[in-house]
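This note is addressed to a colleague who is meeting the structure for the first time. Please read the numbered points with the model open.

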Amino acid sequence: MTARPVVAVHEIGDWDESADVVVVGSGAAALVAGVMAADGGARVIALEKAAETGGTTRKSGGNAWVPDDHRTHPLGLADTRESALHYLARTSRPQSYSPHSPFLGLPEWEYDGICLFLGEGAAAFADLAEKGALATVPLPDIPNFYSAVDDVVHGRTLAPCTPGGDPGDGPELIRQLTGALEQRGGRIELEHRVVSVVADGERVVGVLAETPRGRRAVHAARAVIFGSGGFTHNADLRRSYLRGPVFGGCAAATNEGDFVAIAQSLGADLRNMAESWNTPIQLERAVAGDPALTGTFSVVGDSVLCVNRYGRRTMNEKTVYNEATGPMLEFDGARCEYPNMLMFAIFDQANYDGFRGTPFDGGALPAIGDDDSHVIRGDTLEQLAGRIDERLARLATATGGLRLDAGFTGQLAATVERFNGFARQGRDDDFRRGETEVERYLYRLVANAITLGTDAQLGSGATNQAASFGPGKAGWVEPAVTGNPTMAPLAADGPYYSVILAAGMLDTKGGPRVDAHSRVLTVGGNPIPGLYAVGNCAASPSGKAYWGGGGTLGPIITYAWRAGKHAATASPVASA
Ligand SMILES: Cc1cc2nc3c(=O)[nH]c(=O)nc-3n(C[C@H](O)[C@H](O)[C@H](O)COP(=O)(O)OP(=O)(O)OC[C@H]3O[C@@H](n4cnc5c(N)ncnc54)[C@H](O)[C@@H]3O)c2cc1C
């Protein structure tokens, strides 16, 4: 049988397996839903396409952004539902935010989703901790990503708590959740790619999965909950739905948007398909399809800047990662080109020596001994420009033939001179680099990671431990730089270096609209019986925003927590 997205129950013959709730995937979304369903008494089977559990969640920092967590109150971090609500609404849709409108200017479903998260997020995390399913610890110093428009500057990020009581990471989060699922009788089947749902009339009653041992039909008496991630690794869906030239991303390689066709075939109402959790990525590793690719969350260092193919600076290099891709997608209608599609990070020897192997840049400045083939070197700016252009020639099929402009070298020299002036005065008159709380925080984090001697990448426990430091805390050393610590003049003499960056994503955030229990809704607004969606395969109400460190997992875990509870009580259908 071909893998049609929806197969009628009479077509499949006997079921190979039966459960009350089938969850699809084994990232945070699927596992939390599975744990809660099992906790409610349901027999749960999780079907995971990859050969290991965890999906993108395993690669992640594991942080979750949750407003008004009770544990931050004793730390003196006042948070109110009202201020958080306005922060979420304003940052999700700044173009329509209206503080006095009924839904604050948001589409009603986004407003409802945000209110649900605000109302239940802290309770969901408290409940998961109480059940022994997921212990977390606050990282009170991490600023919100748009702190300039918020009453509360920091204090909403939680990290998974290791058995030793330290802040953990994505693997720790997966370890706890898989344990909690198994303790409740749930089972995870690896290398099970769900390719179809099985429907009895309008009701979803199971799935078909492709496995190395052939096709398996798994009955779901109460519910099928998709937690199958976004469509980062489906080039066709990326081209169709995402805006501008994005070059892929660092979601789990198995996140290919398998759910999109299934949801469409059932008449689901797809929303926010153009949105993603953005980050710059290294072009060459993305083009090569490196499964270990991770975000260049920050262009690390101080004597470093980014220029476009004309040698011009067009962005604040320290802008938080979700926003850093924005300038890369700008289109010049007159020239019919994306002039910033590729950004060339340019840095000097001091920056390379001082910041290589540090967190947040995804190996853009690799540790000594790591693969550095993507780092381009030149004794002079002119030689560097020539070598960048040679590299671009080799990448031409992936980039529409983009090359450096003939005036690049001259303009680059002028750009560096102007940047050096800003660095000396401690103020970036063009892009205000280093002025926001989060930019300064991330700079200090990187600088302190060096001081602490960690070569941690974002997504490791060591990074989260570094993140739990803060001004005034043990181990925290203020960088001995006056003025604006995020900027230092580039040296007058080479060598100079460059890394090619492009727009990418952690994963996409569009999918079917869901109700308050994460039941998938049709275009007409009715729940599709038996079908739920959680995590990055469902439409996120966050619009364009990435609210803070953990801004994806906070809402994802909250919604999945509700979905699992609800699915456990859904009325069952017989498997015969
Ligand atoms: C380096 C990095 C760091 C990050 N750090 C953070 C952070 O600290 N905080 C934060 O909030 N976010 C972070 N993110 C983003 C975060 O990891 C994701 O948004 C989140 O993990 C998504 O969870 P999910 O359960 O929806 O999807 P995933 O964790 O991606 O899980 C989806 C699973 O579904 C499986 N699957 C796909 N299709 C099928 C199918 N057809 N059948 C069966 N299984 C299928 C996949 O194999 C995968 O295991 C980070 C991302 C990266 C890459």
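The points below take up the ligand site, a helix, a small group of strands and several loop residues in turn.

1. Status of the model. The structure is a predicted model, and the remarks that follow should be read with that in mind.

2. Residues around the ligand. There are 39 residues around the ligand, and those that come nearest are Glu48, Thr56, Thr57, Thr254 and Leu553. Sorted by class, this shell contains 23 polar residues, 11 nonpolar residues and five charged ones.

3. Polar atoms facing the ligand. Three distances deserve inspection in the viewer. A polar atom in the side chain of Glu48 is 2.5 Å from an oxygen atom of the ligand. For Thr254, an N or O atom of the side chain lies 2.6 Å from a ligand oxygen atom. At Gly55 the backbone provides the polar atom, which is 3.3 Å from an oxygen atom of the ligand. On its own the ligand has 1000 Å² of accessible area, and the protein covers 98% of this.

4. Elements that build the shell. Which elements give two or more residues to the shell around the ligand? They are α1 (28-39), α2 (55-59), β8 (193-200) and α16 (553-568). The largest share comes from α2, which supplies four residues.

5. Helix α1. This helix has 12 residues, and the distance from its first C-alpha to its last is 16 Å, close to the 16 Å expected at 1.5 Å a residue. Is α1 largely enclosed or largely open to the outside? Of its 12 residues, 11 are buried, so the rest of the structure largely encloses α1. The buried residues include Ala28, Leu31, Val32, Gly34, Val35 and Met36. After α1 comes Gly41, which has a positive phi near 100°.

6. A sheet of three strands. The strands β4, β6 and β5 form an open sheet in the order β4-β6-β5, with antiparallel pairing. In general, the strands of a sheet pair through backbone hydrogen bonds, in either a parallel or an antiparallel manner. The edge strands here are β4 (64-65) and β5 (136-138), each of which pairs on one side only.

7. Bridges to β6. The strand β6 (residues 157-160) is joined to β5 by three bridges, while two bridges join β4 to β6. On the β5 side, Pro138 has Leu158 as its bridge partner, and Val137 is partnered by Ala159. On the β4 side, the bridge partner of Trp65 is Thr157. Thr157 and Ala159 point one way from β6, Leu158 and Pro160 point the other way, and all of them are buried.

8. Two residues with positive phi that are not glycines. Asp68 has a positive phi of about 60° without being a glycine, and its place is the loop between β4 and α3 (81-92). Leu104 likewise has a positive phi of about 60° and is not a glycine; this residue sits in the loop between α3 and α4 (108-130). How do the two stand with regard to burial? Asp68 has 29% relative accessibility and therefore counts as partly exposed. Leu104, by contrast, has a relative accessible area of 5%, which is under the 20% limit, so Leu104 is buried.

9. The loop between α15 and β16. The elements on either side of this loop are α15 (461-467) and β16 (496-508), and Pro495 lies within the loop. The peptide bond leading from Gly494 to Pro495 is cis, with omega near 5°. Asn484 is found in the loop between α15 and β16 as well. Why does Asn484 count as buried? Its relative accessibility is 8%, and buried means under 20%, so Asn484 counts as buried. The side chain of Asn484 also makes a polar contact of 2.7 Å with the side chain of Thr486.

10. Suggested starting view. A reader may begin at the ligand, where Glu48 and Thr254 each place a side-chain polar atom by a ligand oxygen, at 2.5 Å and 2.6 Å. From there one may turn to α1, which also gives residues to the shell around the ligand, and then to the sheet in the order β4-β6-β5.

Terms used
Residues numbered from 1 in each chain as written. Predicted model: local features only at pLDDT ≥ 70, side-chain atom pairs only at ≥ 80, totals over all residues. Heavy atoms only, no water. Near = heavy atom within 4 Å. Polar contact = N/O pair within 3.5 Å; in protein donor to acceptor, adjacent residues only side chain to side chain. Areas by Shrake-Rupley, 256 points an atom, 1.4 Å probe, with all protein chains shown as cover. Nonpolar A, V, L, I, M, F, W, Y, C, P; charged D, E, K, R; others polar. Pairing = 2+ DSSP bridges. Expected span 1.5 Å × (residues − 1). Buried < 20%, exposed > 50% of the residue type's maximum accessible area, 1.4 Å probe, protein only.
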